[in-house]
Every structure is written in C-alpha cells, then in structure tokens.
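Subject: Handover of a structure

Dear colleague,

Please find the structure below, passed on to you for your own work. My notes on it follow directly after.

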Amino acid sequence: MVEWPTREGEPMAWKNALKSKRLKPGKSKMVTIGLNTFMVGQLDDTYFATEGLCRHMRWPLAWGGKIKDGCIRCPLHQTTHHLSDGSLVEWSPFPLIPAYGKLLGKLSKPKDLKIFETRVEGDYIQIQLDEIKS
Ligand code: FES
C-alpha cells in the first residue's frame, strides 16, 4: 500500500476494493471498506468509484443504478450525477409522478456525489481514500 501526505498533512491511502476480474464492463458493484460503502464500476476502459449510497435517500447505487452518458442515475427517484466529478444533474425528478419527486426532493438538500480516484494494482481495483472510518 502506498501512502503520501495530503495538503493538510494527513495520510492518503490506496485500498483494495475488489478483484478486477469480478467487474464486467458497464457494470458496477457495492464494496465496503471499513465502515464506508462505495460503488465501483467500469465504464468504457476505465474504472470509477463513488460513494455507495445515493445522496438523496441513501439507496445503494449499485442496486439498479443506471449508467448512461457518463452519469449515474439512482433507480429510486432518478437523482442523477456526473461520474467525472460527481456534480448533480437532477435531484429527485421521479418522472413517473413529478409532483411526488418534487416533494421527496425537498426532504433533503441537493448534494454532489463524492468521486474517488481508482487504479489497478495487481489483481485489484484500488480506491484512493483520504478520510475513512474503520
Ligand atoms: S434515493 Fe436515490 S433518488 Fe431518491
């Protein structure tokens, strides 16, 4: 494991997330490291990692989340974020019943999705973490 100082002097670390052969192109999986949950996926030829739970109402994003046009869309109320930087695209639009989505959207403040750096080291996809509870 490689560690180096962050800007604040705190150590950052690469953590094994899962074996790369367990992840098929276009798919994603939930991974738990310490007390944190992540979604790790493969898009085109690159891997990505995000926090694992939707920022709206904490649905596990790999459980039915759709990846399209470089974005992840939660299956519950269709909150959507860019995978490149986690920025919010849509907050709880729930197109099936938009008024219901709007109401649910007001239950929590819109937030961006945290994105983590990834790399392949040996057989593993690793995630770079700076703050982790264990
Ligand atoms: S829990 Fe994901 S959009 Fe509501």
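In this predicted model, β3 pairs with strand β4 (residues 36-43) through six bridges, and the two run in the antiparallel sense. Within that pairing, I33 is placed opposite N36 of β4. Both strands belong to an open sheet of four strands, ordered β3-β4-β5-β10 and paired antiparallel. The edges of the sheet are taken by β3 (28-33) and β10 (115-116); each has a single partner strand, so one side of each is left without a neighbour in the sheet.

The loop between β4 and β5 (46-51) holds D44. Its backbone deserves a remark: phi of D44 is near 55 degrees, a positive value in a residue that is not glycine. D44 counts as exposed because it has 8 C-beta neighbours inside 10 Å, and the cut-off for that class is 12 or fewer. A second residue of this kind is R58, which is not a glycine and yet has a positive phi of about 70 degrees. R58 lies in the loop between β5 and β6 (66-68). With 13 C-beta neighbours inside 10 Å, R58 is classed as partly exposed.

A further open sheet of four strands has the order β6-β7-β8-β9, again with antiparallel pairing. Its edge strands are β6 and β9 (88-90), each of which pairs on one side only. On average, neighbouring strands of this sheet are turned by 25 degrees against each other, direction ignored. Inside the sheet, strand β7 (residues 71-73) and strand β8 (residues 80-82) run antiparallel and are joined by three bridges. R73 has T80 of β8 as its bridge partner.

The loop between β8 and β9 contains G86. G86 counts as partly exposed, because 17 C-beta neighbours lie inside 10 Å. Leaving aside neighbours within four places in sequence, G86 is in contact with T50, H81, D112, L113, K114 and I115. The C-alpha atoms of G86 and K111 are separated by 9.1 Å, with their positions 25 residues apart along the chain.

Towards the end of the chain, strand β11 (residues 118-121) and strand β12 (residues 124-129) pair in the antiparallel sense over four bridges. T118 is located opposite I127 of β12. The two strands form a hairpin with two residues between them, and G122 in the turn has a positive phi of about 65 degrees. D130 follows in the segment after β12. Having 13 C-beta neighbours inside 10 Å, D130 counts as partly exposed. D130 and W14 are 116 residues apart along the chain, while their C-alpha atoms are separated by 8.9 Å.

Turning to the interior, the largest nonpolar core has 17 residues. The residues with the most contacts inside this core are A17, F38, M39, V40, A49, L61 and I127. At least two of the core residues come from each of β4, β5 and β12. In soluble globular proteins, nonpolar side chains tend to be buried together. For V40, the contacts beyond four places in sequence are A17, L18, L23, S28, K29, V31, Y47, A49 and I125. Two of the names in that list, A17 and A49, also appear among the core residues with the most contacts.

For the chain as a whole, the secondary structure comes to one helix and 12 strands. Read along the sequence, the pattern is β-β-β-β-β-β-β-β-β-α-β-β-β. The chain has 134 residues, of which 25% count as buried. Among contacts between residues at least 6 apart in sequence, 40% join residues at least 24 apart.

Finally, a word on confidence. The mean pLDDT of the chain is 89, and 89% of its residues reach 70 or more. Over residues 1-7, however, pLDDT stays under 50, and the model has 10 contacts beyond four places in sequence for this stretch. Where pLDDT is low, the predicted coordinates should not be read in detail.

With kind regards

How values were computed
Residues are numbered from 1 along each chain as its sequence is written. This is a predicted model: local features need pLDDT of at least 70, side-chain atom pairs count only at pLDDT 80 or more; totals for chains, interfaces and linings use all residues. Two strands pair if DSSP finds at least two bridges between them. A residue is buried if 20 or more other C-beta atoms lie within 10 Å of its own, exposed if 12 or fewer, and partly exposed in between; C-beta atoms are placed from the backbone. A nonpolar core is a set of buried Ala, Val, Leu, Ile, Met, Phe, Trp, Tyr and Cys residues joined through C-beta atoms within 7 Å. Two residues are in contact if their C-beta atoms, placed from the backbone, lie within 7 Å. Axes are lines fitted to C-alpha atoms, for helices over the stretch in contact, and angles run from 0 to 180 degrees between N-to-C directions. pLDDT is the predictor's confidence in each residue, from 0 to 100.
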